[in-house]
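The following exercises are to be solved from a sequence and its structure, shown below. Each task sentence is followed by a worked solution.

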Number of protein chains: 2
Amino acid sequence: MALIVQKYGGTSVGDLDCIRNVAQRVVSSAAVGNQVAVVVSAMAGETDQLVSWAREIGGEQPDPREVDMLVSTGEQKTIALLALAIRQLGHSARSFTGGQMGIRTDTAHTRARIASVDAERLQAVLDRGTVAVLAGFQGIDDEGNITTLGRGGSDTSAVAVAAALGADICEIYTDVEGVYTSDPRVVPRARKLDRISYDEMIEMASLGAKVLQIRSVRFAMRHGVPLHVRSSFIPDEGTWVVPEEGVMEGLFVSGVTYNRDEAKIRLRGVKDHPGIAARIFAPLSEAEIVVDMIIQNLSQDGTTDITFTVARDDYRRALAIVEAECAAIGAAGVDGDQSIAKVSIVGLGMKDHAGVASRMFQVLAEHGVNIQLISTSEIKVSVVIEESHTESAVRALHAAFLEAGADEPRSEA
Amino acid sequence: MALIVQKYGGTSVGDLDCIRNVAQRVVSSAAVGNQVAVVVSAMAGETDQLVSWAREIGGEQPDPREVDMLVSTGEQKTIALLALAIRQLGHSARSFTGGQMGIRTDTAHTRARIASVDAERLQAVLDRGTVAVLAGFQGIDDEGNITTLGRGGSDTSAVAVAAALGADICEIYTDVEGVYTSDPRVVPRARKLDRISYDEMIEMASLGAKVLQIRSVRFAMRHGVPLHVRSSFIPDEGTWVVPEEGVMEGLFVSGVTYNRDEAKIRLRGVKDHPGIAARIFAPLSEAEIVVDMIIQNLSQDGTTDITFTVARDDYRRALAIVEAECAAIGAAGVDGDQSIAKVSIVGLGMKDHAGVASRMFQVLAEHGVNIQLISTSEIKVSVVIEESHTESAVRALHAAFLEAGADEPRSEA
């Protein structure tokens, strides 16, 4: 007997039949004595439909408070329907909006952050043996205005509720069977991981793996909530996302990820003196453009090249901003490229083993892939390459690091 | 400059274009300096759709709390879309759910009654010159559960808000041009009334006129809120519903209504002694069946016939209940008839004039309409007739009392 928070995404509750299936799963978990709280998203397509209406009637930038008022109805519909479906199976259930379930957020409409969760009311419901059916993605601010957490926010809602309830598990149900060593559509030999650490999951999420929203994993790590990512269609165990010490396998590399949503911008011949970086990046930050990788070459003759990447959606705006600054900072010129991909290897194991990065570069060289930029952290190595090489690079790295016969790390001992 | 509450029903906000039209009307009223609060229903068809989903997934009697959670999303969508449309016209607007606008109700889900309205927050918004866009039909109970007021509840929401704000006018926008002397589909010569008293409007609403929900008129009368029923498509004045002293015309009869939604049940040969009525009507009341007219004939030989009418939807249940009691109370038998109609004339004028009822009976007799039951109040006379005579009876009464050349009342002086 445990307290379990389950989260089902939009495709899992896409129509009334899907909702009935979810109700079955919830009831079978509650029937063996578990306390169950279920967090659900809007039915697939609903949020997009509502956002398109908001644009049609409210212009390209519709008022965010009203957008939240509108789109939050999506989850509200799902919770009522799921609660009805569960009750129809003979189990008690009660639905709660974000406000009713005690999720307080800041006032940043359409991308609010959770400030606190008061789970007292939920706990009382669960203690009576009732299933609590909760609207993901939404909360209220201090004035009672409805806010939403932004895309993928339902994962974060689930983790936040699990943390507030002190849940034993937070199960994230999805249309894939767990977290894979790489994207199975690109790498047919990719395999499901049994366990992965929060740190690795965060790196993999930020590097392109879409199975979990990165904020939710950070939240889970901070509050020590064990996540279980699993399929809503088959009963098999999925992937557990747990603290580092819980990852027994000690995989050298856990995954190979890719991301084709970035673009790079290069400033050539920048005078290498203090304050230059601020001159370039402050206006980007003001424009709310997030810069990912930043690489500065070694200075030659007192000038340097600065290259950085941004989301491809922000590329045109970022290029215009940098071009406007170019003369003022005395740079020789600006160029950019949208046809890039970021390919990364992620793994706790590389902390303790030398030579992972160089082996990665060697594998890419053997496959004729030219490396444009490199960025590393303790548990990942990312390279930017020509976009057309994405698949072959990912497959080669997966074969080298994650398939039978892959190189064993050279031991330092 | 006035404080105006406007209410638009489902057909007035049926799609995005309709919502834009409503936004235009709202803004033109606000632009001349009025403070405007707008109450809206769900887009036409939305509530029915949601209720049918609730039945499909939750069975014939879906849990009412979850039904309210579900259907209340309908109005929430409309308020957000209308607020966006108003803002797009350059006027500030802010939407409020039932809970946010301070409507507290009892906990009777799907048919809740308003307990109180705290309009402080709305007043502050209006004082800033912002249009308040309000979800009709919904409120919250003391525990923050979402409740709905039942069909037509948006009228009641509008009147309640108007009362709480001390509004100068509550405008009810609808797809007809006002309150008519009779149903124009049946009586081509029916004409729009300029003014009608609350009392007459309540009688007309309860007798079949569907333009206003009866609860909302009672609420308006109790709080002295002047109602203006008017078309959402044309700018002309509609019908004012006001206190009796404000009705200057002093029409002898204001309207002829009909209602085909009732059925009658007769107990024959009931022993005429105390307690019999209670034996018959208590079990109906327990079954939440509302009894409308009750007529007991003069006793003959110590027995009597008792006849009453119920909503046609309740006919089968009511008949079964009465049949079960029949033997116990020693009645000779029970029969019933669903093919009836109730036709009524309503008018403040008849208070002070004798002979209205007899003139009504005479007109019906001249048209070969047999009267089965009669019920009167100070300002109305209702008769139950064979359903197939409905149209001819209504037309004949309209001609006799409301058209040029109609009989003048015989003065008592």
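**Exercise 1.** Leaving aside its neighbours within four places in sequence, with which residues is G74(B) in contact?

*Solution.* The model is a predicted one, and the exercise is to be read with that in mind.

Step 1. Locate the residue: G74(B) belongs to helix α3 of chain B, which covers residues 64-88.

Step 2. Set aside the residues up to four places away in sequence; the contacts of G74(B) are then A42(B), M43(B), E46(B), T47(B) and L50(B).

Step 3. Examine a pair separated in sequence: G74(B) and G45(B) lie 29 residues apart along the chain, and their C-alpha atoms are 9.6 Å apart in space.

Step 4. Classify the burial. The cut-off for a buried residue is 20 or more other C-beta atoms within 10 Å. G74(B) has 27 such neighbours and therefore counts as buried.

**Exercise 2.** Describe the packing of α1(A) against α3(A).

*Solution.* Two packed helices are described by the angle between their axes and the distance between the axes.

Step 1. Obtain both quantities: the axes of α1(A) and α3(A) come within 9 Å, and they cross at roughly 60°.

Step 2. Assign the class. Angles from 65 to 115 degrees are roughly perpendicular and those under 35 degrees roughly parallel. The crossing angle therefore makes α1(A) oblique to α3(A).

Step 3. Assign the hand: the crossing of α1(A) and α3(A) is right-handed.

Step 4. List the participants. α1(A) contributes I19(A), R20(A), V22(A), A23(A), V26(A) and V27(A), while α3(A) contributes L81(A), L82(A), A85(A) and I86(A).

Step 5. Sort these residues by character: 9 are nonpolar, none is polar and 1 is charged.

**Exercise 3.** Characterise the side of chain A that touches chain B.

*Solution.* Step 1. Count the residues: 28 residues of chain A are in contact with 28 residues of chain B.

Step 2. Identify the elements that give two or more residues to this side of chain A, namely α1 (16-31), α2 (46-58) and α3 (64-88).

Step 3. Find the largest share: α3(A) supplies it, with 14 residues.

Step 4. Determine the composition: this side of chain A divides into 14 nonpolar, 8 polar and 6 charged residues.

**Exercise 4.** Is E288 buried or exposed in chain A, and what is the sign of phi there?

*Solution.* Step 1. Place the residue: E288(A) is in the loop between α8 (276-286) and β15 (291-296) of chain A.

Step 2. Count its neighbours. An exposed residue has 12 or fewer other C-beta atoms within 10 Å. E288(A) has 8, so it is exposed.

Step 3. Consider the backbone. Most residues other than glycine have a negative phi. Phi of E288(A), however, is positive, near 60°.

Step 4. Repeat for chain B: E288(B) lies in the loop between α8 (276-286) and β15 (291-296) of that chain. Phi of E288(B) is near 60°, and E288(B) is exposed, with 8 other C-beta atoms within 10 Å.

**Exercise 5.** Assess the overall form of chain A.

*Solution.* Step 1. Take the secondary structure: chain A has 11 helices and 20 strands.

Step 2. Compare the radius of gyration with the globule rule. The value for chain A is 23 Å, close to the 22 Å that the rule gives for 413 residues, so chain A is as compact as a globular protein of that length.

Step 3. Add the dimensions: the C-alpha trace of chain A spans about 75 × 55 × 30 Å along its principal axes.

Step 4. Consider the interior: buried residues make up 50% of the 413 residues in chain A. Among contacts in chain A with a separation of 6 or more, 75% join residues 24 or more positions apart.

Note on methods:
Residues are numbered from 1 along each chain as its sequence is written. Chains are lettered from A and ligands numbered from 1 in the order in which they are written. This is a predicted model: local features need pLDDT of at least 70, side-chain atom pairs count only at pLDDT 80 or more; totals for chains, interfaces and linings use all residues. Helices (H or I, at least four residues) and strands (E, at least two) are DSSP runs, numbered from the N terminus. Two residues are in contact if their C-beta atoms, placed from the backbone, lie within 7 Å. Ala, Val, Leu, Ile, Met, Phe, Trp, Tyr, Cys and Pro count as nonpolar, Asp, Glu, Lys and Arg as charged, and the others, Gly among them, as polar. Axes are lines fitted to C-alpha atoms, for helices over the stretch in contact, and angles run from 0 to 180 degrees between N-to-C directions. Angles under 35 degrees count as roughly parallel, over 145 as roughly antiparallel, 65 to 115 as roughly perpendicular and the rest as oblique. A crossing is left-handed if the near helix is turned anticlockwise from the far one by less than a right angle, and right-handed if clockwise. The radius of gyration is taken over C-alpha atoms; the globule rule is 2.2 Å times the number of residues to the power 0.38.
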